[in-house]
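Reader: Could you walk me through this model, starting with the terms you rely on?

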Amino acid sequence: MRCPNGREQRKLDYTLRASIPTEPKGELTLPGAATTITRLGVHEQALTDSIARARRWLVAARRVVVLTGAGCSAESGVPTFRGADGLWRQFRPETLATPEAFARDPKLVWEWYDWRRQRIAEAQPNPGHFALVALEQRLGEGFALFTQNVDGLHERAGNQRVWRLHGDIWLLRCTGCGHQEQNRTTPLPELPPRCGRCGALFRPGVVWFGEPLPADVLQAAFAAARRAEVCLVLGTSSVVYPAALIPRHALEAGARVVEINLEPTELSAQVHLSLRGRTGLLLPRIVQGAE
Ligand code: BJW
Ligand code: ZN
């Protein structure tokens, strides 16, 4: 990031952009990546203020809906999909996470999943995951977590009201007889794996591009978003639909929407607060008042 005077600014752990369309009307832009304010103290104060605002909204809320993406697991060592760190052997997810890619080259697709399964097997939930457990404990049935992640780290952290939008990487589904089984072996002994019952190829039990999300989960997500007073959008690029519609339903129905992401996303300009930073650092501060 460059200062207005052209000098390289010390790399900040976060920058912050906050727009509050409802109070006051119009956009209030606090110090952010694209602004001219460069002193760390100013950023820190603005971030602290925004954290306090998000915290007040959460404390007052009885119903909170959460949408998480790969960024939430990044601090646990699970690679994201997009951006330089997200690419596996230069393949974009749009070219690997499809039924067509699997039909063309099931071994290649399974190599990607096998590599990810190994990374996930080694991963532990991070402080961002645990902050969501604390939030669920506080809200009980008023809490609903919809995740695009297939790694199971929210459940391993202790969240119970979790619904998977994009499936489960530990589930194998037979392309022949439809048999499904949990399998946590890493690495898999044979790629691509085959069904013990009928011999056809197993595929990962996840949702690929062009495939429908589980209809009941999606409907539950939209309904929860429309009921919620606060919607948290955490570590997702917000480019994959229909999951990306969840915060939009929340916005439309009048919820306060708070995004946490390292980068601006297509959603950032529409939400009430968009915090630049790591979920593992910021969520504990918002939810639990951690320093
Ligand atoms: C941090 C951080 C830190 C890093 N702290 N932040 C409407 C408009 C346009 C297109 C469509 C549309 N509706 C449907 C489509 C088509 C398509 C789609 O969305 N395409 C777009 C990409 C253009 N959608 C579909 O095809 C969906 N199906 C569908 O619509 O079916 C309709 C249908 C109906 C009836 C019959 C048949 C069909 C299916 C989508 C499935 C997506 N699947 C994948 C793979 C899942 C399995 C697997 O894991 O392998 O899901 S793709 C991949 O993207 C994965 C993710 O869940 C998903 C979202 O990614 P996510 O989580 O946002 O990760 P990243 O990497 O993109 O972003 C990480 C973010 O974290 C970044 O912003 C970082 O800055 C940030 N970050 N570290 C905070 N520490
Ligand atoms: Zn089978």
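Author: Happily! A residue is buried if 20 or more other C-beta atoms lie within 10 Å of its own, exposed if 12 or fewer, and partly exposed in between, with C-beta atoms placed from the backbone. Helices (H or I, at least four residues) and strands (E, at least two) are DSSP runs, numbered from the N terminus. This is a predicted model, in which local features need pLDDT of at least 70 and side-chain atom pairs count only at pLDDT 80 or more, while totals for chains, interfaces and linings use all residues. Residues are numbered from 1 along each chain as its sequence is written, and chains are lettered from A and ligands numbered from 1 in the order in which they are written.

Reader: How many residues of helix α10 are buried?

Author: Helix α10 spans residues 279–288 and is mostly covered. Among its buried residues are Leu-282, Leu-283, Ile-286 and Val-287. Just after the helix, Gly-289 takes a positive phi of about 70 degrees. The number of buried residues in α10 is seven of 10.

Reader: Thanks! Which strand gives the most to the largest nonpolar core?

Author: A nonpolar core is a set of buried Ala, Val, Leu, Ile, Met, Phe, Trp, Tyr and Cys residues joined through C-beta atoms within 7 Å. The largest one here has 43 residues, and Val-64, Ala-228 and Val-230 are among those with the most contacts inside it. Five of its residues come from residues 230–234, the strand that gives the most: β8.

Reader: Why is that strand largely enclosed by the rest of the structure?

Author: Look at both faces of β8: Val-230, Leu-232 and Leu-234 point one way, Cys-231 and Val-233 point the other way, and all are buried. The strand is largely enclosed because its buried residues number five of five.

Reader: Which strands pair with β8 in parallel?

Author: Two strands pair if DSSP finds at least two bridges between them. Five bridges join β8 to residues 64–68, and Val-66 of that stretch has Leu-232 as its bridge partner. Another five join β8 to residues 256–261, where Arg-256 stands opposite Val-230. The parallel partners are β2 and β9.

Reader: What is the handedness of the crossover from β8 to β9?

Author: The chain leaves β8, passes through helix α9 (residues 245–252) and enters β9. A crossover is right-handed if, with the strands pointing away from the viewer, the path from the first strand over the helix to the second runs clockwise. This β-α-β crossover is right-handed.

Reader: Is Arg-256 buried or exposed?

Author: Arg-256 is found in strand β9. Two residues are in contact if their C-beta atoms, placed from the backbone, lie within 7 Å. Leaving aside residues up to four places away in sequence, Arg-256 touches Trp-57, Glu-229, Val-230 and His-272. With 24 C-beta neighbours inside 10 Å, Arg-256 counts as buried.

Reader: Finally, which residues are the closest to ligand 1?

Author: A residue is near a molecule if its C-beta atom, placed from the backbone, lies within 6 Å of it, and 36 residues surround ligand 1. The elements that give two or more residues to this shell are α2 (71–74), β9 and α10. By class, 17 shell residues are nonpolar (Ala, Val, Leu, Ile, Met, Phe, Trp, Tyr, Cys and Pro), five are charged (Asp, Glu, Lys and Arg), and 14 are polar (the others, Gly among them). The closest are Gly-69, Gly-71, Gln-148, Ser-237 and Tyr-241.
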